[in-house]
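Visitor: I would like to learn how to read a few features of a model with several chains. Could you take me through them one at a time?

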Amino acid sequence: METVIANSNFKSEEYFINMGPQHPATHGVLRLLLTIDGEIIKKVEPDLGYIHRSIEKMCERDSYQQIVHLTDRMDYLSANINNEAVCLTVENALQLEIPDRVKVIRTIIGELTRIASHCLWWGVMGMDVGALTTYFYGFRDREMINDIMEETCGARLTMNYNVPGGLMFDIHPNFVKRVKDFVAHFKTKIPEYNRLLTDNIIFQKRTMGVGILTKEDAISYGASGPVGRASGYSCDVRKHHPYSAFDRVSFTECLETEGDTFARYKVRMAELWESLSIIEQLIDNIPEGEHRVATNAVIKLPKGEYYQKVETARGELGVYIISDGVKSPYRMKFRSPGFSNLSLLSHIASGGKIADLVATMATLDLVIPDIDR
Amino acid sequence: MSYFSDIYHGIKTLLTGMSVTGGYFLRSRKGTITQQYPDNRATLKMFDRFRGEVIMPHDEQNEHACTGCQKCELACPNGSIEIIWDRGIDEDTGKKKKKIDQFVYHLSLCTMCGLCIDVCPTDAIEWGQNFENSVYDRTKLTRVLNEPGSKVRAGIED
Amino acid sequence: MRVSLGITTNIHNWLFSTMNVTMASLVEMVLIALIYLTVFAVLGLFLVLLERRVAAWFQLRIGPNRVGFQGLLQTMADALKLVSKELTGTTRADMFLYNLAPYFVIISALMALAVIPFSYEFQAFDINIGVFFLIAVSSVGVIGILLAGWSSNNKFAMIGAMRSGVQTISYELSIGLSLLTMILLTGSLQLSEIVEVQKNGWLIVQGHIPAVIAFMIYMIAGTAETNRAPFDMVEAESELGAGFHTEYSGMKFAYFFLAEFINMFLIAAIATTIFFGGWLSPFGITESLPWLGIFWFLLKTFVLVFLMMWFRWTFPRLRVDQLLTLEWKYLLPINLVNIVLMALLVWSDLTIKF
């Protein structure tokens, strides 16, 4: 074929196309510079910075209580887990003893957040491959979690429920009942998700064997979360470095070995079940006790460096604080999962079609404010 | 032979998917999840803890609980709260005492983090459930929370 | 030209009695064209509304219900908005082709309507090569799409147009062959004749197994032909923004939009005529009331239109190479075998007739 083109007068050349910053598939303001030969992608170059708000710099100005609410705005789909990460770092630095009740509630809310995030991802995944209806089904179930969050935390997306030392206020009296209702409801919906999208032949053909990431590449590119686990890289922070109440629940780390788009999809679907089982184990025995330990009004971390990692819906979020003993950190650094996962894109999407790029990007589950911060 | 089993399998999965959406189509009357918002205003009730805007409740004597301690102003990450205070003579004791002149709240800057309400020692401010905050003129988003002529409730500082 | 259903016959006779033949024919043509334009513009708008409501019901929503009773005037309002909108375009676009493209698409869609028999003798243009005409005309539309994509000076539009070219060339084949399978049963290309044949049972019953296979292939290929999901690679909003009509606005965009829906109606109408007995009532229950034919025709057509909407709101989109795999590895071979099967069936007289 290529020789035919080479021998004729017909000139074939690669061209350049600008996907984003306003493009439906980039889920925000990510700009991809694509070099394309017909439909086949030769090169992908992500261009970042369209939603950079210098959150890390703002942290150097704020007190530790104030930093927490900024992390809501990074990976807004796992806002609670981000908050928890900062709080855990501060609490570890202060060597505060956190009540069991707080640990359990944080874990439950974190897992609810993970389910909400995966629901949204599932809906958008379907939409990216062209099945628009999944979006609404995913949002319907996410809405139930949002209502639970709203009742307890007061906000649906940027909760800011955690404070260094515990929770801003205790859970709402309806919380346990609502969560149980949701778990029962959602258990009937996951099989429906599978019947609608997972089993669909078109969807499987679209995703199987697309965007393959080997285990070696996953490790060397710093992939984490479902993206790493789909390549067989056991990287679940909840399992390897348990925080909050993850050391007292039993759950399996969802691993796949294929490393393609469908494997990443399967890992996330399996995580829905695992999150449900974690919630079920904890919801009936939330220990009684204080929801908060008192801290100083002005928190000053002892001089030193502190690091804490947690597993957000997207992967490993690391919070790194250098303190020189005053009320704000000297330097604050977030190791966001989206940034490392995005760096894979040019590696795994080259050679595929435009449609493959979109499907691959959907399973990387990018949240652009998380990447740019 | 796998050629035909592929076709059979493919058609089966497609029909399964169609049965899911078809089921929702048939149950569409009951299953609607959207709300017809401006129409359901009368029945729409937000949760108790919903963070709509910061308000300062006043009682019948037009008294509030704000002592002007400025903890909220310090806690706010965005400078949404400005307290303009003054020193007045307390009628009972005759001593000079700090009191608020204007509690200025910039809703346009507020991120609804709730830190001000969390730190308030006298529960002078709390969350209001109003969420219809859009206005044509953005200066209207800057509000003075204490009513004109209001004063601190007696005994709140003890 | 045969237009005779009571009142139409009278008008026809009156025209020919007052003017000479050429004049009268011209006036008649213009009249019919105007009637068709109005009726199908309104029908297209109604289909858009139907699509939106059906989509909403699939998706746990309510759908447009504000303008007019239950939102019936919503698409009218949308059309008014589109008419009043500014026509924007890109710089360095090939303006002549850019302006020409929408007309190609809409005219080819409307032209095909001329031969559809809506009811007994209610047909604008009953030619003896009806099916052939339909296939020929419906493939003109893709030229419009190619022109639109090429001339708008937008790479996304260009990719969409190229995909459309690939898609239409492949799936024309399946449409043609699946209709050909049914022609073996009728022995005529004339659409009125085809309906006439089905008085002994609809063709999908007459031809049983091969006819059902042909119908399935026809529906798949027809959905692909109208560029609707799951074959909407041409528009593919998550990949290409809006595909070939990215750079069109206002009324020119509305032409593309309307053409898509008229094409959908057309595909369903052809399927009704060829597979489901056109305007014939089931088991001849209203045979004594021929004017009910239009009701039966529309009912069957809308059931098929609904089926296409159901596809659209359920399935993910295929990739462009899978689209070709489906056509060349599955639909085409099955179709060819199916024709042979049908020929054997007709030859050995195994068809079911009442």
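Visitor: What radius of gyration does chain B have, and what would a compact globule of 158 residues have?

Guide: This is a predicted model, in which local features need pLDDT of at least 70 and side-chain atom pairs count only at pLDDT 80 or more, while totals for chains, interfaces and linings use all residues. Residues are numbered from 1 along each chain as its sequence is written, and chains are lettered from A and ligands numbered from 1 in the order in which they are written. The radius of gyration is taken over C-alpha atoms, and the globule rule is 2.2 Å times the number of residues to the power 0.38. A compact globule of 158 residues would come near 15 Å, but chain B has 27 Å, and its C-alpha atoms fill a box of roughly 100 × 35 × 35 Å along the principal axes.

Visitor: How is the open sheet of chain A ordered?

Guide: Strands of a sheet pair through backbone hydrogen bonds, either parallel or antiparallel. Here strands (DSSP runs of E, at least two residues, numbered from the N terminus) count as paired if DSSP finds at least two bridges between them. In chain A, 3 strands follow the order S1-S2-S3 with antiparallel pairing. Strand S1 (15-19) and strand S3 (40-47) of chain A each have a single partner strand, so one side of each is left without a neighbour in the sheet. Strand S2 (residues 31-37) of chain A pairs with S3(A) over 7 bridges, and A:Leu34 stands opposite A:Val44 in S3(A).

Visitor: How many residues does each chain give to the contact between chain C and chain A?

Guide: Two residues are in contact if their C-beta atoms, placed from the backbone, lie within 7 Å. Chain C gives 22 residues and chain A gives 26 residues.

Notes
Helix = DSSP H or I, 4+ residues; strand = E, 2+ residues; numbered from the N terminus.
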